[in-house]
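Subject: Structure for you to look at, with notes

Dear colleague,

I am handing over the structure we spoke of, and I would be grateful if you could keep it open while you read the notes that follow.

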Amino acid sequence: MDQFIINNELFRLTQEDFFIRLLLALGIGFVIGLERQRAAIRDNAESFAGIRTFSFTALLGFLAGMLYFMLSPWIFLILLGSVAILTALSYYVVAQKGDIGATTELSVLLTFILGTLCLLGFLTISLVVMVIVLVFLSYKVQMRTIAGKLTMEEWFAFVRFVILALLIFPFLPN
């Protein structure tokens, strides 16, 4: 029988699950941090968050989720708020220098949440969201290129397609 680290009516966590989920959370933080570090080096820019910061943020999200169940939900909210405040302060400092992009800062908040989702056992969802985050972060130049090449006619055709495919078609009877 596995020994439980957390065993209450809301949540149960065995030692084995703890280590698997912890390693996944750290891996997610490491991969997102690696991408941000790579982008900062490529752009010859300073970034407030790289491999270590993102790994620690995922770990903090994981531990905050544990403390939610072990001590108090308020601890989770305080830690999430602290990360949000530090991230907002970082954005303020960077924005004062003229860089108004917020993708790294939003990625930090997402990484905290992904760490918590790993603890809760939403491993597949965490991995899928990590891949989506990586795609958006890694393909910045390609997405800007595509957006810059779209004509107004192509854009309106795309908007009509989205309206038909996502807003009208699902509600039509079989």
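Throughout these notes, contact means that heavy atoms lie within 4.5 Å. Please also bear in mind that this is a predicted model.

With that meaning in hand, I begin with Thr 87, which is found in helix 3 and which, leaving out residues up to four places away in sequence, touches Phe 48, Glu 105, Val 108 and Leu 109. Thr 87 has a relative accessible area of 5%, and it therefore counts as buried, the cut-off for that word being under 20%.

A second threonine, Thr 57, lies in helix 2, and at 8% relative accessibility this residue is likewise buried, because the value falls under the 20% limit. Not counting residues up to four places away in sequence, Thr 57 touches Val 108, Thr 111 and Phe 112, so that Val 108 appears in the contact lists of both Thr 57 and Thr 87. The side chain of Thr 57 also reaches the backbone oxygen of Thr 53 at 2.7 Å. As for its distance from helix 1, the C-alpha atoms of Thr 57 and Gly 33, which are 24 residues apart along the chain, are separated by 9.8 Å.

Next, the nonpolar interior. In soluble globular proteins, nonpolar side chains tend to be buried together. In this model the largest nonpolar core has 26 residues, of which Ile 28, Ile 32 and Phe 62 touch the most other members. Helix 1 (15-42), helix 2 (51-70), helix 3 (73-96), helix 4 (103-120) and helix 5 (123-138) each supply at least two residues of this core, and helix 1 gives the most, with 6 residues. If you would like one residue to centre your view on, I suggest Ile 32, which, leaving aside its neighbours within four places in sequence, is in contact with Phe 54, Ser 107, Thr 111, Leu 114, Met 130, Val 133, Leu 134 and Leu 137.

Which residues lie nearest the centre of the largest pocket? They are Arg 36, Asp 99, Gly 101, Thr 103 and Thr 104, out of a lining of 27 residues, and the space in this pocket comes to about 770 Å³. Helix 1, helix 3, helix 4, helix 5 and helix 6 (140-149) each supply at least two residues of the lining, while the largest share, 6 residues, comes from helix 4. By character, the lining divides into 12 nonpolar, 6 polar and 9 charged residues.

Two further residues may be worth a look. Tyr 91 lies in helix 3 and, not counting residues up to four places away in sequence, touches Ile 100, Gly 101, Ala 102 and Glu 105. Its relative accessible area is 28%, and Tyr 91 is therefore partly exposed, since that class runs between 20% and 50%. The C-alpha atoms of Tyr 91 and Thr 14, 77 residues apart along the chain, are separated by 38 Å.

Gln 142, for its part, has its place in helix 6, and at 41% relative accessibility it also counts as partly exposed, because this value falls within the same limits. The C-alpha atoms of Gln 142 and Leu 77, 65 residues apart along the chain, are separated by 37 Å.

With best wishes

Terms used
Residues are numbered from 1 along each chain as its sequence is written. This is a predicted model: local features need pLDDT of at least 70, side-chain atom pairs count only at pLDDT 80 or more; totals for chains, interfaces and linings use all residues. Side-chain values use heavy atoms; hydrogens and water are left out. A nonpolar core is a set of buried Ala, Val, Leu, Ile, Met, Phe, Trp, Tyr and Cys residues joined through side-chain atoms within 4.5 Å. Buried means under 20% relative accessible area, exposed over 50%, partly exposed in between (1.4 Å probe, protein chains only). Helices (H or I, at least four residues) and strands (E, at least two) are DSSP runs, numbered from the N terminus. A polar contact is a pair of N or O atoms within 3.5 Å; within protein, one must be able to donate a hydrogen and the other to accept it, and residues adjacent in sequence count only if both atoms are side-chain atoms. On a 1 Å grid over the protein atoms alone, a cavity is a set of points where a 1.4 Å probe fits but cannot get out, and a pocket is an open set with protein on both sides within 12 Å along at least five of seven lines; lining residues have an atom within 4 Å of a point. Grid points are joined across faces, edges and corners, and a volume is the space filled by probe spheres set on the points. Ala, Val, Leu, Ile, Met, Phe, Trp, Tyr, Cys and Pro count as nonpolar, Asp, Glu, Lys and Arg as charged, and the others, Gly among them, as polar.
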